[in-house]
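Welcome! Let's take a walk through this protein together, starting with the overall picture and then moving in on one part of the fold.

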Amino acid sequence: MDVVYPDGTKVTVLTAADGLASPTATAVRGHELLITDAGLAAPHHAQLQGGRINLAALRAHG
């Protein structure tokens, strides 16, 4: 999963090593990030993952 900045730069922030297998949607609410994972790829476990967004770190990149 990538963060895409207004200038078009992309930074990968989550990968299969973080537990993503087949992410299907994301939602952001305030500092909360929710990711649905359909479980299409092995290990085939559909799940909902959540995390907190560090807005200061995102802004520091740009």
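The paragraphs below go from the whole chain to a single pair of strands.

Before anything else, keep in mind that what you see is a predicted model. Its secondary structure consists of five strands and one helix. If you follow the sequence from its start, the order of these elements is β-β-β-β-β-α, so to speak a run of strands with the helix at the end.

Now step back and look at the whole protein. Its C-alpha atoms fill a box of roughly 35 × 20 × 15 Å along the principal axes. How much of the protein is buried? Of its 62 residues, 15% count as buried. The accessible surface comes to about 4500 Å², and carbon and sulfur atoms account for 58% of that surface.

Contacts tell you how parts of the chain meet. Taking those between residues at least 6 apart in sequence, 16% link residues that are at least 24 apart. As for charge, the protein carries 5 negative and 4 positive side chains, and 10 Å separates the centres of these two sets.

Finally, let's move in on β3 and β4. Strand β3 covers residues 23-29, while strand β4 covers residues 32-37. The two run antiparallel and are joined by six bridges. One example to find in the model is valine 28, whose bridge partner in β4 is leucine 33. Together β3 and β4 make a hairpin, with two residues between them. In that turn you will meet glycine 30, which has a positive phi of about 65°.

Key. Residues are numbered from 1 along each chain as its sequence is written. This is a predicted model: local features need pLDDT of at least 70, side-chain atom pairs count only at pLDDT 80 or more; totals for chains, interfaces and linings use all residues. Side-chain values use heavy atoms; hydrogens and water are left out. Helices (H or I, at least four residues) and strands (E, at least two) are DSSP runs, numbered from the N terminus. Buried means under 20% relative accessible area, exposed over 50%, partly exposed in between (1.4 Å probe, protein chains only). Contact means heavy atoms within 4.5 Å. Accessible areas come from the Shrake-Rupley method with a 1.4 Å probe; for residues, only the protein chains shown count as cover. Lys and Arg count as positive and Asp and Glu as negative; His and the chain ends are not counted. The place of a charge is taken as NZ of Lys, CZ of Arg, CG of Asp or CD of Glu. Two strands pair if DSSP finds at least two bridges between them.
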